[in-house]
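Trainee: I have a model open and want to learn how to read it. Can we go through it feature by feature?

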Amino acid sequence: MSACEKGEQWQWALVLLDEILEANVQPDGISYSAGISACYKGEQWPRALALLSEMREAKVEPTAMCYGAGISACETGNQWQQALVLLGEMREAKVQPNIVFTRSDQRVRTR
């Protein structure tokens, strides 16, 4: 999935995630993070948000990386209100923001 994300093949990343689920294997935070990041790179903000929701339903706690990718996906879709909602969810979940994504996907540590 990470290779799909890096190759900007968001559709294939989601296919792989679906195959994991169909095989009755519970994806972990890394799998979801790769899918959310792939959606961010593919400018698929609604799908990125859906994956964050699926994580919570599956009782997999989103990490700062997951939230960061979701927020960045919202940015590419000009969904600033939804980005603020995600920031609020991070605060409620006590997830410390520590990574910022930029359009060029360079990760910058803020702490």
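Mentor: We will take a repeat, a helix, a helix pair and some salt bridges in turn. This is a predicted model, in which local features need pLDDT of at least 70, side-chain atom pairs count only at pLDDT 80 or more, and totals for chains, interfaces and linings use all residues. Residues are numbered from 1 along each chain as its sequence is written, and side-chain values use heavy atoms, with hydrogens and water left out.

Trainee: Where does UniProt place the repeat?

Mentor: UniProt positions use the numbering used here, feature names are shortened, and annotations may be inferred rather than shown by experiment. The unreviewed entry places "repeat: PPR" at residues 28–62. That span is 74% helix and 0% strand. Its end C-alpha atoms lie 10 Å apart.

Trainee: What span should helix H5 have?

Mentor: Helices (H or I, at least four residues) and strands (E, at least two) are DSSP runs, numbered from the N terminus. The expected span of a helix is 1.5 Å times one less than its number of residues. H5 covers residues 64–76, so its 13 residues should span 18 Å. Its end C-alpha atoms are 18 Å apart, which agrees. Just after H5, Asn78 takes a positive phi of about 55°.

Trainee: How many residues of H5 are buried?

Mentor: Buried means under 20% relative accessible area, exposed over 50%, and partly exposed in between (1.4 Å probe, protein chains only). In H5, 10 of 13 residues are buried. Among them are Tyr67, Cys74 and Thr76.

Trainee: At what angle do H4 and H5 pack?

Mentor: Two packed helices are described by the angle between their axes and the distance between the axes. Axes are lines fitted to C-alpha atoms, for helices over the stretch in contact, and angles run from 0 to 180 degrees between N-to-C directions. H4 and H5 pack at about 155°, with axes 8 Å apart. That makes H4 roughly antiparallel to H5 (angles over 145 degrees count as such, under 35 as roughly parallel, 65 to 115 as roughly perpendicular, the rest as oblique).

Trainee: How many salt bridges are there?

Mentor: A salt bridge is a side-chain nitrogen of Lys or Arg within 4 Å of a carboxyl oxygen of Asp or Glu. The count is two. Glu54 and Arg47 meet at 3.0 Å, N to O. Arg56 and Glu89 meet at 2.6 Å, N to O. Arg56 lies in H4 (residues 45–57) and Glu89 in H6 (residues 80–92), so this pair ties together parts 33 residues apart in sequence.
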